[in-house]
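Work through the exercises below with the sequence and the structure open. Each task is followed by a solution in steps.

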Amino acid sequence: MEECDANCESCATKASCTDPRKEMDAMARAVSARMGRVKHKIMVASGKGGVGKSTVAVNLARSLQARGFSVGVLDADITGPSTAMLLGVEGERLSAGPAGIDPVDSRGVKVISMAFALSDSGSAVVWRGPMKMAAIKQFLSDVSWGDLDYLIIDLPPGTSDEPLSVVQLLADLTGVVIVTTPQEVALLDSRKAVNMAKSMKVPILGIVENMSGLVCPHCGEVIEIFKIGGGERAAQELRVPFLGAIPIDPEVAPLGDDGVAFVERRTAAAESFEKVVDRILEEVEGARKATLR
Ligand code: ADP
């Protein structure tokens with residue numbers, strides 16, 4: 001048997017080859033062909049669940065869309081997908097077009113989520129790491145994302161298989177946004193998320209402190225439900241940018257349940273969130289484009 005040529009394209013025996021590396025090579029080429037048309041790939045991560053990571057991912061997508069960018073959202077939380085609901089497309093199903101799997105359209109934002117492959121929203125996906133990896137590969141290689149300015153990748157909470165899969169498949173990730181809440185237990189986990197990103201050499205765009213105080217709807221004063229400012233201190237300590245704080249806003253959850261991002265309304269949280277997006281854009285695109293709306 002002829003010695004394996006790492007470059008399958010130029011290999012004389014490629015037609016009859018059964019080496020699994022050939023398949024991997026084809027997959028890598030498919031991912032890079034699709035993802036080469038996406039300018040910026042941003043992961044949104046958190047050390048623990050319930051801190052508002054998916055809410056931040058979806059609002060980031062909508063804010064970027066409102067600023068004139070073309071945007072896609074990849075829900076990489078295979079076993080606990082929630083971005084479809086937050087984007088108001090929960091009941092949609094996957095369909096195949098001539099160029100591959102068609103992403104679902106959520107008022108101009110392209111979305112792919114495991115939720116579109118489930119028979120109903122209460123179904124559970126009980127998959128081990130390799131299956132989740134296969135799903136993420138397919139979402140990156142077989143979905144006809146087209147040309148995008150931004151792909152926002154909503155990761156599951158914690159430091160599990162999915163971030164590793166995404167990082168292995170996307171060598172040119174723009175960076176990761178890490179979401180935390182001010183409680184020490186969340187901050188501890190966000191430090192783990194920062195350290196994981198550092199160990200995987202993923203650029204850290206910064207930390208967002210969500211649920212940072214409650215703006216009183218009557219007097220406008222900030223009530224410190226949990227001690228605020230921990231996210232900023234953690235960012236300083238870990239030497240990563242602090243992107244800003246978003247208050248607890250009673251309008252956020254009902255809007256999310258209705259598939260509306262809070263940045264689409266003049267909510268208390270929206271103003272703070274836009275400043276977070278300004279900072280992300282300053283890092284990614286430079287200051288000039290940050291204010292382009
Ligand atoms: P995660 O993705 O970290 O598990 P979610 O984005 O699903 O968290 O948010 C958990 C819940 O908290 C949702 O009901 C969401 O609407 C709510 N939430 C998120 N951020 C805020 C906020 N700033 N103010 C009020 N509620 C929020």
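## Exercise 1: A covered strand

Val-71, Val-73 and Asp-75 point one way from strand S2, Gly-72 and Leu-74 point the other way, and all are buried. The model is a predicted one.

Task: Describe how strand S2 is covered and which strands it is joined to.

Solution.

Step 1. Strand S2 spans residues 71-75, and five of its five residues are buried. Buried here means under 20% relative accessible area.

Step 2. In a regular strand the side chains alternate between the two faces of the sheet. In S2, Val-71, Val-73 and Asp-75 point one way and Gly-72 and Leu-74 the other.

Step 3. S2 is joined by five bridges to strand S7 (residues 148-154), and the two run parallel. Within S7, Ile-152 is the bridge partner of Val-73.

Step 4. Strand S6 (residues 109-112) is joined to S2 by three bridges, again with a parallel run. Here Gly-72 stands opposite Lys-110 of S6.

## Exercise 2: The partner of Val-73

Task: State whether Ile-152 is buried or exposed, and give the separation of its C-alpha atom from that of Lys-192.

Solution.

Step 1. Ile-152 has its place in strand S7.

Step 2. The relative accessibility of Ile-152 is 0%, so this residue counts as buried.

Step 3. Ile-152 and Lys-192 are 40 residues apart along the chain, and their C-alpha atoms are separated by 21 Å.

## Exercise 3: The shell around the ligand

Task: Work out which residues and helices surround the ligand, and which atoms lie opposite its oxygen and nitrogen atoms.

Solution.

Step 1. There are 14 residues around the ligand, and those that come nearest are Gly-50, Lys-53, Ser-54, Thr-55 and Asn-210.

Step 2. By type, the shell residues divide into six nonpolar, six polar and two charged.

Step 3. Two helices, H2 (53-66) and H8 (252-257), each supply at least two residues of this shell. The largest share, three residues, comes from H2.

Step 4. On the oxygen side, a polar side-chain atom of Thr-55 lies 2.5 Å from an oxygen atom of the ligand. A backbone N or O atom of Val-51 lies 3.0 Å from an oxygen atom of the ligand.

Step 5. For nitrogen, a backbone N or O atom of Pro-247 lies 2.9 Å from a nitrogen atom of the ligand.

Step 6. The ligand taken alone exposes 570 Å², and the protein buries 78% of that.

## Exercise 4: Ser-54

Task: Place Ser-54 and list polar contacts of its side chain.

Solution.

Step 1. Ser-54 lies in helix H2 and is one of the residues that come nearest to the ligand.

Step 2. With a relative accessible area of 11%, Ser-54 is buried.

Step 3. The side chain of Ser-54 makes a polar contact of 3.4 Å with the side chain of Lys-53. A polar contact of 3.2 Å joins the side chain of Ser-54 to that of Ser-82.

## Exercise 5: Positive phi

Task: Locate Lys-201 and Met-211 and describe their phi angles and accessibility.

Solution.

Step 1. Most residues other than glycine have a negative phi.

Step 2. Lys-201 is not a glycine, yet has a positive phi of about 60 degrees. Lys-201 is found in the loop between helix H6 (184-199) and strand S9 (204-209). With a relative accessible area of 72%, Lys-201 is exposed.

Step 3. Met-211, also not a glycine, has a positive phi of about 55 degrees. Its loop runs between S9 and strand S10 (214-215). Met-211 counts as partly exposed, at 27% relative accessibility.

## Exercise 6: Two cysteines

Task: Why do Cys-216 and Cys-219 not form a bond?

Solution.

Step 1. A disulfide is a covalent bond between the sulfur atoms of two cysteines. The cut-off applied to the sulfur pair is within 2.5 Å.

Step 2. The cysteine sulfur closest to that of Cys-216 belongs to Cys-219 and is 3.5 Å away, which means that it is too far for a bond.

Step 3. Seen from Cys-219, the closest cysteine sulfur is in Cys-216, at 3.5 Å.

Step 4. Cys-216 is buried at 13% relative accessible area, whereas Cys-219 counts as exposed at 54%.

Step 5. A search of the whole structure finds zero disulfides.

Technical notes
Residues are numbered from 1 along each chain as its sequence is written. This is a predicted model: local features need pLDDT of at least 70, side-chain atom pairs count only at pLDDT 80 or more; totals for chains, interfaces and linings use all residues. Side-chain values use heavy atoms; hydrogens and water are left out. A residue is near a molecule or strand if one of its heavy atoms lies within 4 Å of it. A polar contact is a pair of N or O atoms within 3.5 Å; within protein, one must be able to donate a hydrogen and the other to accept it, and residues adjacent in sequence count only if both atoms are side-chain atoms. Accessible areas come from the Shrake-Rupley method with a 1.4 Å probe; for residues, only the protein chains shown count as cover. Helices (H or I, at least four residues) and strands (E, at least two) are DSSP runs, numbered from the N terminus. Ala, Val, Leu, Ile, Met, Phe, Trp, Tyr, Cys and Pro count as nonpolar, Asp, Glu, Lys and Arg as charged, and the others, Gly among them, as polar. Buried means under 20% relative accessible area, exposed over 50%, partly exposed in between (1.4 Å probe, protein chains only). Two strands pair if DSSP finds at least two bridges between them.
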